[in-house]
Amino acid sequence: ISGFFKLIHPVYSAYDTFLKKYNYLDFNDMINQATKILAEDLKRPEYDNRFKYKYIFVDEFQDVAEDNFKLIKALRDRSNASVTCVGDDWQAIYSWRGSDLRFFKDIKNQFGLTDEDYKEFQVTQTHRYGKDLVDVSNNFIRSNDPNEKVLKAIDDKKETKLIKWTGNWDELITEIKKEYGTNISLKVLQRRKRDAKAITGKDAEQLAISLQKEFIGIDESRK
């Protein structure tokens, strides 16, 4: 860790000096300054009608960091609004930038709510995937903690066939034909569009001839 700080310290110092020189604010500064202003406004009666929010909605709450939470709570304290937070702790992927699951898992105490003020609703069924894929996902995630929650598929009739690709398109096509025939549409998911270029030459030509082929990005496929 000490080596990392020795490396990053001059970079961060130069960055901080640049911001101050030009009177700039970065994203974290905006959050912290807004929280500070809200706290100061609490002491100024003339601003009582400035924040008339009735509802505050926070999506992806599992990725909230401490500065984010302080701003949300300051808004709530200033307006006395009802706060609705939506999230999934299985999708918490931003701990590297300060996100803290304690705000998600202990939301009631973090906001200082009573039993009467707090309500929790759990979504345990998915409409997105069939049972086969959900079962695989459950087993994979729960291998870390057998006591974790279990997600259920809303439609057990949706069958998902998982085929392990070894890098040989001939074997893949043969297996798909054997399982499903040729009258299907094949979608190859890749993280980036340029990943499709990995399928070139004879492999791509054979794939296109044997099956209908469409490349779509993972993010695009969710729309």
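**Figure 1. N80, an exposed asparagine with a positive phi.** N80 has a relative accessible area of 67%, so it counts as exposed. In this predicted model, the residue sits in the loop that runs between α3 and β2 (82–85). Its phi is positive, at about 60°, even though N80 is not a glycine.

**Figure 2. N23, in the loop between α1 and α2.** Here is another residue to check for its backbone angle: phi of N23 is near 55°, which is positive, and N23 is not a glycine. With 69% relative accessibility, N23 falls in the exposed class because that class takes in everything over 50%. The loop holding N23 connects α1 with α2.

**Figure 3. The largest nonpolar core.** Eleven residues make up this core: I56, V58, F61, V64, F69, I72, A81, F103, I107, F111 and L113. Which elements give two or more residues to it? They are β1 (55–58) and α3 (66–79). I56 is a handy place to start looking around, since this core member has plenty to show beyond its sequence neighbours. Leaving out neighbours within four places in sequence, I56 is in contact with L75, R76, S79, A81, S82, V83 and T84. One of those partners, A81, is itself part of the core.

**Figure 4. The second largest pocket and its lining.** The volume of this pocket comes to about 380 Å³. There are 16 lining residues, and those closest to the pocket centre are I31, A65, D67, N68 and R97. Two elements, α2 (27–41) and α3, each supply at least two residues of the lining. Which element gives the largest share? That would be α3, with five residues. As for chemistry, the lining splits into seven nonpolar, three polar and six charged residues.

**Figure 5. A salt bridge within α1, between K20 and D16.** The closest N and O atoms of the K20 and D16 pair are 3.2 Å apart. Both residues belong to helix α1 (residues 2–21), with a spacing of four residues, or about one turn of the helix. Are the two partners buried or exposed? K20 counts as exposed because its relative accessibility is 62%, whereas D16, at 24%, counts as partly exposed.

**Figure 6. The salt bridge between E66 and R102.** The side chains of E66 and R102 come together with an N to O distance of 3.6 Å. This pair links distant parts of the chain: E66 is in helix α3 and R102 is in helix α4 (residues 102–105), with their positions 36 residues apart. Relative accessibility is 39% for E66, so E66 is partly exposed. R102, at 35%, is partly exposed too.

**Figure 7. D100, R102 and a shared network.** A salt bridge also joins the side chains of D100 and R102, with N and O 2.6 Å apart. D100 has a relative accessible area of 26%, so it lands in the partly exposed class. Through salt bridges with shared partners, E66, K70, D100 and R102 form one network. Across the whole structure, the search turns up seven salt bridges.

**Figure 8. H127, in the loop between β3 and α6.** Where does H127 sit? Its loop lies between β3 (125–126) and α6 (131–141). H127 is exposed because its relative accessibility is 60%. The C-alpha atom of H127 is 5.5 Å from that of I154, although 27 residues separate the two along the chain.

**Figure 9. The whole chain, for orientation.** Stepping back from the close-ups, the protein has nine helices and six strands. How much of it is buried? Of the 223 residues, 23% are buried. Among contacts with a separation of 6 or more, 72% are between residues 24 or more positions apart. The E66 and R102 salt bridge is one link between distant parts of the chain, tying α3 to α4.

Notes:
Residues are numbered from 1 along each chain as its sequence is written. This is a predicted model: local features need pLDDT of at least 70, side-chain atom pairs count only at pLDDT 80 or more; totals for chains, interfaces and linings use all residues. Side-chain values use heavy atoms; hydrogens and water are left out. A nonpolar core is a set of buried Ala, Val, Leu, Ile, Met, Phe, Trp, Tyr and Cys residues joined through side-chain atoms within 4.5 Å. Buried means under 20% relative accessible area, exposed over 50%, partly exposed in between (1.4 Å probe, protein chains only). Contact means heavy atoms within 4.5 Å. On a 1 Å grid over the protein atoms alone, a cavity is a set of points where a 1.4 Å probe fits but cannot get out, and a pocket is an open set with protein on both sides within 12 Å along at least five of seven lines; lining residues have an atom within 4 Å of a point. Grid points are joined across faces, edges and corners, and a volume is the space filled by probe spheres set on the points. Ala, Val, Leu, Ile, Met, Phe, Trp, Tyr, Cys and Pro count as nonpolar, Asp, Glu, Lys and Arg as charged, and the others, Gly among them, as polar. A salt bridge is a side-chain nitrogen of Lys or Arg within 4 Å of a carboxyl oxygen of Asp or Glu.
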